[in-house]
Amino acid sequence: MADGRTARVAVTDRADGDLAVGGDPAVLAERRRALVDLPWTWLRQVHGDRVVVVGAPGAGAGEEADAAVTAVTGAVLAVHTADCGPIGLVADGGAVAVAHAGWKGLAEGVVERSADALRAVADGPVRAVVGTHIGVECYEFGSEELSGLVARLGPEVEGRTASGTPALDLGAGLRVVLARAGVDEVLEVGGCTACGSGRWSHRARGDRGRQAVLAGVEAA
């Protein structure tokens, strides 16, 4: 960044421990400190489109929302998933955002609203990191909901599972909305939470554990 600060996005997995926000507070605090020893803004995610603007480190922690944005040095933003799409966004002008996007988030426009909120606090190109999420091969999906997403996002989000049943291609959906949001560069971590290893999956195994995508701006 031009002012010498550094924006960072990190993606956790099982090896970093369960970060589900309903866990034991003392255990969670220890795990968070081990990852980034700064105040975290974590969210009670509701599959909506609300974006929390964080004006101080730790502000907004526990709010009901599915995205957060900040230009404040020392603030850590986090979203937690076990199949949905976790996204970290970075604006070169000096801000970051995170978004939790499952199929409802895609329909609600949470990714586009997150990018808009990021541009409201910082200029410059926007880049994205997409964490591991469920893959099309494992994401069997109801025809009515799938038709609605195809109408909103295009035919590329319609796929087939490994067994040939109708599926949602969440990765394709995320790429569509990131492009619509004008994101300049996208890095995808890859893998599948359901059939891959090292990640939590609620859909495949009923896991209660959660991994996270974190974003923050560090002082030079």
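**Exercise 1. A network of charges**

Task: In this predicted model, find which residues are linked with Arg14 in a network of salt bridges.

Solution: Start at Arg14. The network of salt bridges that holds Arg14 also includes Arg205 and Asp207. Now widen the search to the whole structure: 9 salt bridges turn up.

**Exercise 2. From helix α3 to a loop**

Task: State which residue forms a salt bridge with Arg113, and where the two partners lie.

Solution: First, the partner. Arg113 pairs with Asp49, with 3.0 Å between the closest N and O atoms. A salt bridge needs the nitrogen within 4 Å of the carboxyl oxygen, so this pair qualifies. Next, the places. Arg113 sits in helix α3 (residues 110–121), while Asp49 is in the loop between β3 and β4. The two are 64 residues apart, so the pair links distant parts of the chain. Last, the exposure. Arg113 has 39% relative accessibility and counts as partly exposed. Asp49, at 25%, is partly exposed.

**Exercise 3. Two bridges to strand β13**

Task: For Glu185 and for Glu188, name the salt-bridge partner and the element that holds it.

Solution: Take Glu185. Its salt bridge is with Arg127, the closest N and O atoms lying 3.1 Å apart. Glu185 belongs to strand β13 (residues 185–188), and Arg127 to strand β10 (residues 126–130). They are 58 residues apart. Glu185 is partly exposed at 44% relative accessibility; Arg127 is partly exposed at 31%.

Now take Glu188. Its side chain meets that of Arg175 in a salt bridge, 2.9 Å from N to O. Glu188 is in strand β13, and Arg175 is in helix α5 (residues 170–180). Here the partners are 13 residues apart. Arg175 is partly exposed, with a relative accessible area of 40%. Glu188 is partly exposed too, at 37%.

**Exercise 4. Positive phi without glycine**

Task: Locate His47 and Asp83, then decide for each: buried, partly exposed or exposed?

Solution: Begin with His47. Its phi is positive, about 60°, although His47 is not a glycine. His47 lies in the loop between β3 (43–44) and β4 (51–54). Its relative accessible area is 36%, so His47 is partly exposed.

Move on to Asp83. Phi of Asp83 is near 160°, again a positive value in a residue other than glycine. The loop between β7 (76–81) and β8 (85–91) holds Asp83. Buried means under 20% relative accessible area. Asp83 is at 10%, so Asp83 counts as buried.

Terms used
Residues are numbered from 1 along each chain as its sequence is written. This is a predicted model: local features need pLDDT of at least 70, side-chain atom pairs count only at pLDDT 80 or more; totals for chains, interfaces and linings use all residues. Side-chain values use heavy atoms; hydrogens and water are left out. Helices (H or I, at least four residues) and strands (E, at least two) are DSSP runs, numbered from the N terminus. Buried means under 20% relative accessible area, exposed over 50%, partly exposed in between (1.4 Å probe, protein chains only).
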